[in-house]
Amino acid sequence: MAYHKFDVVIVGSGGAGLMAAMQLPNASIAVISKVYPTRSHTGAAQGGVAAALGNQEEDHWQWHMYDTVKGGDYLVDQDAAEVLAQEAIDAVYELEHWGLPFNRTDDGRIDQRRFGGHTRNFGEGPVRRSCYAADRTGHMILQTMYQTAIKNQVRFFNEFFLTDLLISDGRCAGVVAYSIRDGEVHTFHAKAVVFATGGYGRAWSITSNALACTGDGMAVAYRRGIPLEDMEFYQFHPTGIYRVGVLLSEAARGEGAYLLNNEGERFMQRYTPTLAELAPRDIVSRCIVTEIREGRGIAGTGEDTTDYVYLDVRHLGEQKIREKLPDITDFARTYLRIEPITEPVPIQPTAHYAMGGIPTDLEGQVIVDENRTPLVGFYAAGECACVSVHGANRLGTNSLVDLIVFGRRAGKHIAKQLATNDLDFAPLPKDPESATRDAIERLHSNTGETEGPIREEMRTVMMKLCGVMRTAAGLKECQAKIAELQERYRNVRVTDPSTTFNTELMEVLELGNLLDCAEATVAGALAREESRGGHFREDFPDRDDANFLKHTLAYRDDEGGVKALRYKPVTITEFQPKERKY
Ligand SMILES: Cc1cc2nc3c(=O)[nH]c(=O)nc-3n(C[C@H](O)[C@H](O)[C@H](O)COP(=O)(O)OP(=O)(O)OC[C@H]3O[C@@H](n4cnc5c(N)ncnc54)[C@H](O)[C@@H]3O)c2cc1C
């Protein structure tokens, strides 16, 4: 058994994990990542990071907090939104001081641009709040933080795959991970563990998410009895490249791009006159699907899967396109062979972001029930966590800020607990690696099918029946299909016996994680008989605060499947739920 002992083990080296690592100068820290750190999905973030700096025009954190609450359709925990909006400002300056090359105003301050749902004076009109580095903000964040982590001598375990969470005496004792390089199983014994493992967009067939976004951390926690919160709230970003899903950032619309239907109409002006293309993503995605269903998609078939609409940047002019949107216009050239300077770009909604995840309190401590009971020593931050600042729908640029604000808070809380000796090593459970070894052996000795068909069927059914629009009948069919796929998965076979870079084994483990996340998502969606934010039920088109102003907690049955859905109240401080008009 390969055994390691660290004060803190952080799983995930995206923005959230690295930000947490940076807060622990006096602790021994290991950062475990299944991909090389700078390949984490944070590096793909394009548009920017929100903070009410007020560099371009008047802005206040209270406005940012309000937009976050309203954007999340009032399912946001408002104490968390307050922390987000307030601490965003400091966190962004911290990144600047580490050397992040933000775009600048003429007088040398951080430049800011518009993004969907971010407004001045409680909804009066768009405001410039997104700090950015061209359309590669996440890349710059990740590079800057990784360099700083190296400078601070953080110990990285790259190409290690998290397989299990160790809990003993009601406390977190560490994790188990598989070394992709040589197939060895390692135990990491720690006083505190932080999961920063990102999202699970790969559960859908059209997605903006990288191959590695397979919900591993969420699924590992869920299998160890920790509930998953609000999984039914999954965001579809309106502008994915047609058929491919690769993202064309909202930065395009922030800079003034239009959405056009087959009549050349800027249809968003009809739905949301104040913000038009800059309405929150859930609304824009639904409007696109509605245009398509009503026959105004470009192919004109009325089928969500074969139709598209246009994203048009031509009127912005070549210079602005080259300066502000260089990467995403290149994506259009690469994937569609379209020249965005002279041609409109076909787009469709793409699975993008998990509002839900592992429930935490404001310090990033994981909580295991509706009474907010913490699991001592276990933390989560970033997309895999649900604190909940995004409620039913996240605003653009609010994820990067969530990573840096709550990654930082988790790290700082651990540092404080370590300093006061409030965290210590819990004893390791007996034979900590047995579950991992058994699972891997079973996959090698199974005689069933290989994973490809199961994965494709899952992604197709999730896209079709648990996407932008949902119905009870569709969700029931989806649930039955996921249960069938789980059953087939139990006998799935890994054909490659190798212990060196066995990517087939990795993909099979990831598929198991995706199926668990999908199962919790569908159960929450079926039970939530209302429409709110990213969860739209055609059979219950209205928001129902009387019955559903509450967070879902999905618990797994030991035998598989969702054992129970429980509910947790929403924290409301400043802003009483109102109808969401834009
Ligand atoms: C294309 C795209 C563009 C985006 N643009 C923006 C934007 O402009 N603004 C914004 O605010 N948000 C944006 N987002 C959302 C935002 O980028 C993500 O939500 C965020 O970066 C997630 O960061 P994270 O640190 O939580 O996880 P990630 O950056 O996804 O990192 C996850 C880490 O966990 C590790 N990991 C996962 N599973 C395992 C395992 N089993 N074992 C070991 N390690 C594991 C991975 O190796 C990785 O290091 C965008 C997202 C996408 C997909």
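**Exercise 1. Work out how Ala173 sits in strand S8 (residues 171-179).**

Start with the element: Ala173 belongs to S8, where strands are DSSP E runs of at least two residues and helices are H or I runs of at least four, numbered from the N terminus. A word on the model before going on: it's predicted, so local features need pLDDT of at least 70 and side-chain atom pairs count only at pLDDT 80 or more, while totals for chains, interfaces and linings use all residues. Residues are numbered from 1 along each chain as its sequence is written, and side-chain values use heavy atoms, with hydrogens and water left out.

Next, is Ala173 buried or exposed? Its relative accessible area is 0%, so Ala173 is buried (under 20%; exposed is over 50%, partly exposed in between, with a 1.4 Å probe and protein chains only).

Then look at the company. Setting aside neighbours within four places in sequence, Ala173 has contacts (heavy atoms within 4.5 Å) that include Leu166, Phe188, Ala190 and Pro427. Finally, check Ala192: 19 residues away in sequence, its C-alpha is 7.4 Å from that of Ala173.

**Exercise 2. Find the strands that S1 (residues 2-11) is joined to.**

First, the setting: 8 of the 10 residues of S1 are buried, so the strand is largely enclosed by the rest of the structure.

Now the partners (strands pair if DSSP finds at least two bridges between them). S1 runs parallel to S9 (residues 185-195), with 9 bridges joining them; Phe6 has Ala190 as its bridge partner there. S1 also runs parallel to S2, through 4 bridges, and here Ile10 stands opposite Val31.

**Exercise 3. Describe the shell around the ligand.**

Begin with the head count: 38 residues surround the ligand, and His41, Thr42, Gly47, Leu162 and Glu383 come nearest (a residue is near if one of its heavy atoms lies within 4 Å).

Sort them by type: 14 are nonpolar, 20 polar and 4 charged. Gly goes with the polar ones here, and Asp, Glu, Lys and Arg count as charged.

Which polar atoms approach the ligand's oxygen atoms? A polar side-chain atom of Ser399 is 2.8 Å from one. From the backbone, a polar atom of His41 lies 3.4 Å from a ligand oxygen, and an N or O atom of Ala196 is also 3.4 Å from one.

How much of the ligand is covered? The protein takes up 98% of the 1,000 Å² of accessible area that the ligand has on its own (Shrake-Rupley, 1.4 Å probe).

Last step, the elements: those giving two or more residues include H1 (15-21), S7 (160-168) and H11 (398-419). The largest share, 4 residues, comes from H11.

Note on methods
Polar contact = N/O pair within 3.5 Å; in protein donor to acceptor, adjacent residues only side chain to side chain.
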